[in-house]
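Let's walk through this structure together, starting with a bit of vocabulary and ending up at the ligand.

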Amino acid sequence: MDASTGDKVFASLETFRIELPSWGFANTGTRFGKFIQPAAATTTEEKFSDAGQVHLLTGVCPTVALHVLWDCPHGVQSTGEVKDFARRYGVAPGSINPNLFQDQEYKYGSFGNPDPSIRKRALQHTKDSIEIARRLKTRDISFWVADGSNYPGTANIRQRRLWFEQALQEAHRELSPQQRMLIEYKPFEPAFYHTDIADWGMALLLSRSAGPRAKVLVDTGHHYAAQNIEQIVAWLLSEDMLGGFHFNDRRYADDDLTMGSIDPYQVFRIFHEIHFFEWEMEKRADIAYMVDQSHNLKGKIEAMIQTVTIAQQLFAKAALVDIKKLATAQKNCDLVGAESLLQDAFATDVRPAIQDWRYSKGLPKDPMEAFRQSGYLERITKERTAKNAHNVSSYA
Ligand code: LRH
Ligand code: MN
């Protein structure tokens, strides 16, 4: 690999950081059940410990996203112990995810519920989540709201939009100047007729009406198969409304498979649009790169290490596109020339340069091998097997 390519890989890795989801270390499944892993994390401390292991081995995932009901069982009172875990395991709390979909009260919605007392309850949980973020000195409050309906005629879609606007405006007023709110869209599931925040346009309009500190979160799994996700990314960038990503991969729907496992070129094309934007605007885009996956079959920590290393590879490959040449080819409608610049970058094996970068940082060249040699998995399996044995696997 020529020096300049190596330098470009090194430069891209210097700034690339990706946040891990606490729930990626826990026993999760599908509606048809879940397969219990004896080493899986069940406590918030164990999730910090596992995330700390991945950061120790890769050096590029210094924060872990928290889901309030799953990781802060005592709400705001949980922030003290979370700070202890962060100190003990060397990873900081990242984006705070309110949970407005799990409680029975949210059967007919949260912000969109016709019952004002339920909407009030949802807003109080949101304010508590913002307070948790404030006490943990973390920046992003990341909203995914499952609200919607399953049958035509059962919901007043326009009225529910107004309720969402009111709730998100009130939430925005609670934010401190350093904080942001990220609004995630999803076309369906668990609602199967309409979802209140179903696509990027709805999330953008709700973010705009909420306030300047509200941005859109793009979960790569939340698109119909034929949608051009990198075009949505390009539009959100040009609107200065792109706040972050939840990366995963899918063959069909919101499959939450490991990033780049099905369509790595998709992620490459997204990273390319971001590099292109930053080159043209001569400024860094303020984007939170995060993973959001459900490791139903793969070992949870191995799947996370695999994800982080694939993310580094795809980010570095996209940084190899000669954008100056690309801009010229685009202007000259040199279709093959332009496309080949992306294909050549994507086809470049950046793994040796990434290993050199890790070595230069005192990190293991091969994080997966280092993990397998560490004995960490054997230790936590011993510690956690008894506890996980009681974990329910059936759906119903
Ligand atoms: C919804 C979603 C959301 C999270 C959840 C774990 O599908 O992507 O981001 O809250 O997964
Ligand atoms: Mn998500």
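A residue is called buried when its relative accessible area is under 20%, exposed when it is over 50%, and partly exposed in between, using a 1.4 Å probe and the protein chains only. Keep in mind that this is a predicted model, where local features need pLDDT of at least 70, side-chain atom pairs count only at pLDDT 80 or more, and totals for chains, interfaces and linings use all residues. Residues are numbered from 1 along each chain as its sequence is written, ligands are numbered from 1 in the order in which they are written, and side-chain values use heavy atoms, with hydrogens and water left out.

Cysteines first. C61 is buried, at 0% relative accessible area, and C72 is buried as well, at 3%. So why is there no disulfide (two cysteine sulfur atoms within 2.5 Å) between C61 and C72? Because the sulfur of C72 is the closest cysteine sulfur to that of C61, yet sits 20 Å away, too far for a bond. A search of the whole structure turns up zero disulfides.

Now for ligand 1. Around it, with a heavy atom within 4 Å, you'll find W23, H67, W144, E184, K186, D219, H222, H246, D254 and D292. That shell splits into two nonpolar, three polar and five charged residues.

Some of these residues make polar contacts, meaning pairs of N or O atoms within 3.5 Å. The side chain of E184 places an N or O atom 2.7 Å from a ligand 1 oxygen, D254 does so at 3.1 Å, and a polar side-chain atom of H222 lies 3.2 Å from a ligand 1 oxygen. On its own, ligand 1 exposes 290 Å² (Shrake-Rupley, 1.4 Å probe), and the protein buries 91% of that.

How values were computed: Polar contact = N/O pair within 3.5 Å; in protein donor to acceptor, adjacent residues only side chain to side chain. Nonpolar A, V, L, I, M, F, W, Y, C, P; charged D, E, K, R; others polar. Disulfide = S-S within 2.5 Å.
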